[in-house]
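This report covers the nonpolar cores of one protein model and the strands and helices around them.

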Amino acid sequence: MKHTRWITWVLVLVLALGLLPMAAFASDLKLPEPFGSQTLTTRVNPLYQDVLKPEDLDLDNRPGRPPADAQPMATNYVTIAQAAVQMRQQMKNRATSFTLYIASDSTDYEAIIEEVLLQALVHTGKPKEGDYLMWHYAGFGGSVERASSGGQYRYTYNLEMAYYTTAAQESQLDTAVSNLLRSLNLSGKSNYQKVKAVYDYICKNVTYDEANLDNESYTLKFSAYAALVNKTAVCQGYASLFYRLMLELGIDARVISGDGGGPHGWNIVKLGNVYYNVDTTWDAGMTEYQFFLRDTENFLGHARYLEYMSTQFHTDYPMAEDDYVDGVAGVPEHYFVMGTCGDDAYWAVSRDRQLTIVGEGNTYSFSRYGDLEDLSPWTYWTDGFQTVVIGEGITSIG
């Protein structure tokens, strides 16, 4: 009896579907009904995921959240690239709540907002964008609504942002930056002289914030505001301030994160056609600098995280072969990453996208599918090199 009833229901369903217009059926497959309001995954800035948890952002208590039922005109829906420009401006304004309206073919609303943020934080060369924003926001969350129209999905993102500074503090910092650069009297100076003057100022006037180092609730220590206005910060504040001041002077720089005996941040700065390493945190208070305009080999104690070690990053930001010498044009380093791959075997990836293995004897045997530590040491750069050269002394490849 149950079997017969099940067959009857199947026949009814087939007949019902057969009566539907094919166009309507195809449309339903492509564009599902609106899914209501969904809560976005709360994201902590990856730079601070070791010191912050999503609940630390306290996004639910931020004022001024736009109404979830806001219905803009259709022309307000923009592409991901256009939304990134809008998000960048909102972040520069330190807006804690704002809405983005995005049209997309994708159903992955989490991936869409991730891409918007990624594009909003790209290095533009403008002082208050790029790395400056990257190191000054704590995280974000919020909600999203989706509808369909004209063969696309339309998303309404109500975002809640957390920062380390307020709009009022950034305005105060803008004034302090202008006053500082005016006092340094850099008009007519060379780029090297400008870099040196800013570096000297930071190292002589900013102290490391030991008092709040372990105070997780005091996050202002991560900001350029803390470094310049309060004259005390941790490495993120030092590096963000140097970045901001360099770009204000028209000199390109980046903030680099990595390991310096623990999570650490420093800078690279461009002089001529190449970049040099600087670390105002470690040189602060010193009469002689050990970390000023160094090449990679002489920049001891600093190991970049992988995102700053890619072939593309080194192509975009070529590091100098040697430490800076005033009046001498720097040349880019040939090999940007290297290591050991045997008892007497060594490997290196060069700027012309070549993997070279030299030395004597056998290389170690590496796993193709094992844990990261079992893989070949050049695994991360596989997409970066196009040729492989094996030295004559290498007898076999593991």
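The largest nonpolar core has 64 residues, and those with the most contacts inside it are Val195, Ile202, Phe242, Met246, Val269 and Leu293. A nonpolar core here is a set of buried Ala, Val, Leu, Ile, Met, Phe, Trp, Tyr and Cys residues joined through side-chain atoms within 4.5 Å; buried means under 20% relative accessible area (1.4 Å probe, protein chains only). Two or more residues of this core come from each of α6 (167-184), α7 (191-205), α8 (224-228), α9 (235-248), β8 (253-259), β9 (263-271), β10 (274-278) and β11 (292-294). Helices (H or I, at least four residues) and strands (E, at least two) are DSSP runs, numbered from the N terminus. The most is given by α9, with eight residues. Apart from this core lies another, of 27 residues, among them Met87, Phe98, Ile113 and Phe140.

The model is predicted: local features need pLDDT of at least 70 and side-chain atom pairs count only at pLDDT 80 or more, while totals for chains, interfaces and linings use all residues. Residues are numbered from 1 along each chain as its sequence is written, and side-chain values use heavy atoms, with hydrogens and water left out.

Val269 touches residues including Val195, Phe242, Met246, Val274, Tyr276 and Leu293, not counting residues up to four places away in sequence. Contact means heavy atoms within 4.5 Å.

An open sheet of five strands has the order β11-β10-β9-β8-β12, with antiparallel pairing. Two strands pair if DSSP finds at least two bridges between them. The edge strands, β11 and β12 (303-304), each pair on one side only. Between β10 and β11 there are two bridges, and Asn277 stands opposite Arg294 in β11.

Two helices meet this sheet. Helix α7 lies across β9, β10 and β11, at about 125° to β11. Helix α9 packs on the sheet and touches β8, β9 and β10, its direction making about 15° with that of β9. Axes are lines fitted to C-alpha atoms, for helices over the stretch in contact, and angles run from 0 to 180 degrees between N-to-C directions.

Further along the chain, β15 has these pairings.

| Strands | Sense | Bridges | Opposite residues |
|---|---|---|---|
| β14 (345-350) and β15 (354-359) | antiparallel | five bridges | Ala348 and Thr356 |
| β15 and β17 (387-390) | parallel | four bridges | Thr356 and Val389 |

Thr356 thus stands opposite Ala348 and also opposite Val389 in β17. The hairpin of β14 and β15 has three residues between the strands, and in it Arg353 takes a positive phi near 65°.

Key:
Buried < 20%, exposed > 50% of the residue type's maximum accessible area, 1.4 Å probe, protein only.
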